[in-house]
Each structure stands twice: as C-alpha cells, then as structure tokens.
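Biologist: Please take a close look at the charged side chains in this model, at what they meet and how covered they are. I would also like them set against the fold and the rings around them.

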Amino acid sequence: MIRLFVGLGNPGTEYEATRHNAGFWWLAALADKLGARLVPERAYQALAARVNLPAGPVWLLEPMTYMNRSGVSVAGLARFFKIEPAQILVVHDELDLQPGEAKLKDGGSVAGHNGLKDIQAMLGTTGFWRLRLGIGHPGVKAEVVNYVLRKPSPDHREAIGKAIERSLTASDALIAGDMARAVALVHAKPPRSKPPRTPAPGVQDGAEPITPTIRPKGDST
C-alpha cells in the first residue's frame, strides 16, 4: 500500500498558482477528501498530516524546502516511520504530458525534474511511485524554467483540475495496495461529450416537427 503521499511544489504565495505546484494542488485535494489538515512539521521541513485508516496510518507531505531540496523532507519522514520507497507516491508536474492528462508509473527515469532528482538522491533509489500531472511544454527548452514558474492559462488550469479530480478516484486503490486498479483508474480516458443532435430538415430547436397533411385525391380544399 502507499503509506506516504508527497505533493511537489514551491512554498510561498508567489508560487502557489504556478504550473510547478501541480503536486501541491493534488495533495490539497487528497487532504480534503480524507478530512486531513496539513500542519507545519519542523522536523521534516514540510507541511504534513497523518491519517489513521483501517489499513494503517497514511502520511501526506508537502516539502517546504523548495523543489530542488524535496528529498530532505521525503527521506526524513520515510526513514523515521520506516516507510519503504515502494510505499511512496510522489505527485508532480510533467512537461511531457498535455494539460488534462495524468499517468501513474513505478520507478524509472526522473527525466530532468529537480524535485524527483533530489528525492532519488536522498532515498538512494528510483524505486518509488510517481503520479505525473500534465502541464504541457513551451516548445523551446530554453523557456522551460520560466514556463513552469508561470500560471497556466484558465483553460489549462481547468484541464489540470479535471485531471486531478479523475486521478483522485484512484486514491482508495493506492491506499489498499491495488496498484493495477489504480493504474487503470488513472489512465482511463475521460468520457467524450456527445455531439449535439442535428434537427431534421425544417425543424427548429425546441420545435415540434411539422407533419404534412395528406389529402384524399380529388379534395381541392
């Protein structure tokens, strides 16, 4: 089971609405779902909450160390409570996915993400779970730093919010350790909206169709 949920971001009001804080947005939504309140934990340099569930205690963590030192918080809490890397889920922004997309993966490359790099260095392994929230790519590598530290457009923010809402449906499976079901729930495509019905020729929206009057032959009226 996942015993430690980590949302990545940067502390401070100037960063809270930026793309790089998508992990914080997800963790705040999970805290709301579980009825938990994140409070400062100086020992881990983070905001944290402990939730006691029938399956056992679960921790929620937002490192307050800035992104490139996230591993200090994650490794500190994990080691104190004897949480294995395979029981950790890190939620973060992902340039290689479009806004509205989310992917769940176990281990693998950190793909240049500074938060993941530091967590890998502090844990000594890449063997932890990641939930990747798409934010899109600016198209030019030199623009990446400015891009992630800016606010998304309203349309992109809405799409990211919907991806967070959908991926939260996997939280029960993650806590239960049913990772195959969690992956299926996160990767499920959102239902397509049905196209509007095209009215029959000569029929206006909301109007009843006109039935032609059929007269007997020879009737001149």
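Modeller: The answer below starts with the chain as a whole, then turns to the charged side chains, and ends with the rings and a few single residues.

This is a predicted model, in which local features need pLDDT of at least 70 and side-chain atom pairs count only at pLDDT 80 or more, while totals for chains, interfaces and linings use all residues. Residues are numbered from 1 along each chain as its sequence is written, and side-chain values use heavy atoms, with hydrogens and water left out.

The chain has 7 helices and 7 strands, where helices (H or I, at least four residues) and strands (E, at least two) are DSSP runs numbered from the N terminus. Along the sequence they follow the pattern β-α-β-β-β-α-β-β-α-β-α-α-α-α. Of the 221 residues in the chain, 43% are buried; buried means under 20% relative accessible area, exposed over 50%, and partly exposed in between, with a 1.4 Å probe and protein chains only. Among contacts (heavy atoms within 4.5 Å) with a separation of 6 or more, 68% join residues 24 or more positions apart.

A search of the whole structure finds 3 salt bridges, each being a side-chain nitrogen of Lys or Arg within 4 Å of a carboxyl oxygen of Asp or Glu. In one of them Asp-118 meets Arg-69, at 2.9 Å from N to O. Asp-118 belongs to helix H3 (residues 114-123) and Arg-69 to the loop between E4 and H2, so this pair ties together parts that are 49 residues apart in sequence. Asp-118 is buried at 9% relative accessibility, whereas Arg-69 is partly exposed at 39%.

Another salt bridge joins the side chains of Arg-132 and Glu-94, at 3.1 Å from N to O. Because Arg-132 lies in strand E7 and Glu-94 in strand E5, the pair ties together parts 38 residues apart in sequence. Here Arg-132 counts as buried, with a relative accessible area of 19%, and Glu-94 counts as buried too, at 8%.

Glu-158 and Lys-162 also form a salt bridge, their closest N and O atoms being 3.5 Å apart. These two residues are 4 places apart in helix H5 (residues 154-167), a separation of about one helical turn. Both are partly exposed, Glu-158 at 46% relative accessibility and Lys-162 at 44%.

Glu-62, in strand E4 (residues 56-63), is buried yet has no salt bridge, and the nearest side chain of opposite charge, Arg-157, is 11 Å away; for this purpose Lys and Arg count as positive and Asp and Glu as negative, while His and the chain ends are not counted. Leaving out residues up to four places away in sequence, Glu-62 touches Gly-7, Phe-24, Leu-27, Ala-28, Leu-38, Ala-46 and Leu-47.

The charged end of Arg-157 itself sits over the ring of Trp-25, 3.7 Å from its centre, a label that requires NZ of Lys or CZ of Arg within 6 Å of the ring centre and within 35 degrees of the ring normal. Arg-130 likewise lies over the face of Phe-128, at 4.5 Å from the ring centre.

Rings also meet one another, in 5 aromatic pairs: rings of Phe, Tyr and Trp (its six-membered ring) pair if their centres lie within 6.5 Å, with planes under 30 degrees apart counted as stacked, over 60 as edge-to-face and the rest as tilted. The rings of Tyr-44 and Phe-81 have centres 6.4 Å apart and planes at 55 degrees, so that pair is tilted. Tyr-44 lies in the loop between strand E2 (39-41) and strand E3 (46-53), and Phe-81 in the loop between helix H2 (70-80) and strand E5 (88-94), 37 residues apart. Phe-81 also pairs with Phe-80, edge-to-face, with centres 5.0 Å apart and planes at 75 degrees. Tyr-44 is buried at 10% relative accessibility, Phe-81 partly exposed at 22% and Phe-80 exposed at 57%. Ring pairs link Tyr-44, Trp-59, Phe-80 and Phe-81 into a cluster.

Two uncharged residues round off the picture. Leu-131, in strand E7 (residues 129-134), is buried with a relative accessible area of 1%, and its contacts beyond four places in sequence include Trp-26, Val-90, Lys-103 and Val-186. Pro-54, in the loop between E3 and E4, is exposed at 88% relative accessibility.
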